[in-house]
Amino acid sequence: MRELRIAAVADIHLGEDLRGHYRKKIEGIERRADVLLVGGDLTRHGTIPEAQVVAEELSGLPIPVVAVLGNHDYHSDRNEEIIDLLRDAGITVLDDEGAVVPIDGVRLGVAGGKGFGGGFAGKCASEFGEPETKAFVRHTKEIAERWRRALKELDADHKIVLSHYSPVKDTLMGEPPEIYPFLGSYMLAEAADAEGADLFIHGHAHAGTEKGVTPGGIRVRNVALPVIKHAYTVYCLNGDHC
Amino acid sequence: METPHYVAARVQRALAEDERTTELGIRVDVRGEEVYLRGQVSCDERRHQIENVAREAAPGLRVHNELTLVEVREPGEEEHL
């Protein structure tokens with residue numbers, strides 16, 4: 001089986017003021033990668049005009065583009081419309097579901113969505129007490145359950161989880177520990193570890209670090225633009241040479 | 001004089017919630033009458049907007065804009081997993 005070259009980035013935060021800038025940086029991406037994964041926070045305020053800029057910057061590439069939304073993309077309560085707009089532009093948008101991307105006979109399965117917070121084992125919120133606290137924790141729990149099902153149902157040669165929020169603390173190093181519960185949840189890692197995956201891609205933690213691993217041994221990469229400082233990073237699966 | 005701790009919290013909140021900025025990752029430190037803004041943003045216009053919103057949230061204080069621009073470089077070496 002041939003190797004797969006996965007380009008990944010998150011937190012591109014596009015808007016009118018950045019129109020055309022990101023596109024210039026990804027021209028020729030097909031020579032370096034087979035697919036582009038975008039881990040949320042595509043916009044700043046989650047508005048339709050911003051999403052139109054995202055669609056222009058990411059559509060019409062010679063390789064498939066798979067994306068999820070981030071918390072910024074929910075800010076104006078237009079998340080459903082943003083998803084529709086991006087899908088109309090030919091971008092595969094995962095909203096707590098999976099998709100198989102065929103690449104030269106190799107089936108790449110990608111599952112995920114925005115994800116959410118709650119914290120990490122031993123230092124996390126529980127579904128207990130006030131309704132607001134319970135709703136916060138339940139939201140992540142339900143997302144993790146949907147991802148687990150999506151991963152299980154994926155019929156693919158390789159599986160990747162694409163998220164905005166982090167599944168582990170490793171890739172948050174550099175962020176203040178007090179805000180870890182707002183940056184991710186161990187439940188996202190637990191879902192991936194239960195069903196297995198080759199890689200877990202996320203963003204959200206601008207001051208974090210790139211590399212980590214789940215308790216079950218899945219490699220985690222934080223590809224937030226301020227972390228990777230490149231237009232995208234390429235990860236090669238199943239091969240010594242890209 | 002208002003407690004610097006609360007001024008910093010108010011500025012940080014304004015930067016997150018003001019529609020002109022919506023920046024969650026800016027570090028705000030207040031020492032006496034000086035406000036220091038640190039972090040990374042993607043363009044010069046955003047850097048100025050953040051300074052403007054911080055000034056409005058901390059009237060009478062001197063704002064030091066120490067934000068840096070994220071330089072998006074061409075893709076580098078790939079990693080083999």
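In this predicted model, strand E13 of chain A and strand E6 of chain B (residues 79-80) run parallel and are joined by two bridges. One pairing here can be named outright: Cys236(A) has His80(B), in E6(B), as its bridge partner. The two strands belong to a sheet that takes in both chains, an open one of six strands in the order E4(A)-E3(A)-E2(A)-E1(A)-E13(A)-E6(B), with mixed pairing. Its edges are held by strand E4 of chain A (92-93) and by E6 of chain B; each has a single partner strand, so one side of each is left without a neighbour in the sheet. Further into chain A, strand E2 (residues 35-39) and strand E3 (residues 65-68) pair in the parallel sense, over four bridges. Within that pair, Val38(A) finds its bridge partner in Ala67(A) of E3(A).

Now for the interface as a whole. On the chain A side 32 residues take part, and they are in contact with 22 residues of chain B. Between them the two chains bury about 2400 Å², and 49% of that lies on carbon and sulfur atoms. Counting residue pairs in polar contact between chain A and chain B, with both residues at pLDDT 80 or more, gives 15. As for where the chain A side comes from, strand E12 (219-222), helix H6 (225-228) and strand E13 (233-237) each supply at least two of the residues that touch chain B. E13(A) gives the largest share, at four residues. Sorted by class, the side of chain A that touches chain B comes out at twelve nonpolar, ten polar and ten charged residues.

Charge pairing also turns up here. Side chains of opposite charge can pair when their charged atoms come close. Over all chains the structure holds 28 salt bridges, and three salt bridges are found across the interface of chain A and chain B. One salt bridge links the side chains of Arg221(A) and Glu79(B), at 2.8 Å from N to O. Another brings together the side chains of Arg46(B) and Asp17(A), at 3.0 Å from N to O. This second pair crosses between chains: Arg46(B) sits in helix H2 of chain B, while Asp17(A) lies in the loop between strand E1 (4-9) and helix H1 (21-26) of chain A.

Chain B also has a sheet built from its own strands. Three of them form an open sheet with mixed pairing, in the order E1-E2-E4. Strand E1 (27-31) and strand E4 (62-65) of chain B are the edge strands, each pairing on one side only. On average, neighbouring strands of this sheet are turned by 20° against each other, direction ignored. E1(B) and strand E2 of chain B (residues 34-38) run antiparallel and are joined by five bridges. Along that pair, Asp29(B) stands opposite Tyr36(B) of E2(B), and Val30(B) has Val35(B) as its bridge partner in E2(B).

Two helices pack on this chain B sheet. Helix H1 of chain B (residues 4-17) touches E1 and E2 of chain B, and its direction makes about 150° with that of E1(B). Helix H2 of chain B (residues 44-57) touches E2 and E4 of chain B instead, with its direction at about 160° to that of E4(B). Helix H2 of chain B is also where Arg46(B), of the salt bridge to Asp17(A), is found.

Back in the strands, the hairpin of E1(B) and E2(B) has two residues between the strands, and Gly32(B) takes a positive phi near 60° there. The other pairing of E2(B) is with E4(B), in the parallel sense and over four bridges. There, Glu34(B) has Arg62(B), in E4(B), as its bridge partner.

Note on methods:
Residues are numbered from 1 along each chain as its sequence is written. Chains are lettered from A and ligands numbered from 1 in the order in which they are written. This is a predicted model: local features need pLDDT of at least 70, side-chain atom pairs count only at pLDDT 80 or more; totals for chains, interfaces and linings use all residues. Side-chain values use heavy atoms; hydrogens and water are left out. Contact means heavy atoms within 4.5 Å. Buried area is the accessible area (1.4 Å probe) that two parts lose on being put together, summed over both. A salt bridge is a side-chain nitrogen of Lys or Arg within 4 Å of a carboxyl oxygen of Asp or Glu. A polar contact is a pair of N or O atoms within 3.5 Å; within protein, one must be able to donate a hydrogen and the other to accept it, and residues adjacent in sequence count only if both atoms are side-chain atoms. Ala, Val, Leu, Ile, Met, Phe, Trp, Tyr, Cys and Pro count as nonpolar, Asp, Glu, Lys and Arg as charged, and the others, Gly among them, as polar. Two strands pair if DSSP finds at least two bridges between them. Axes are lines fitted to C-alpha atoms, for helices over the stretch in contact, and angles run from 0 to 180 degrees between N-to-C directions.
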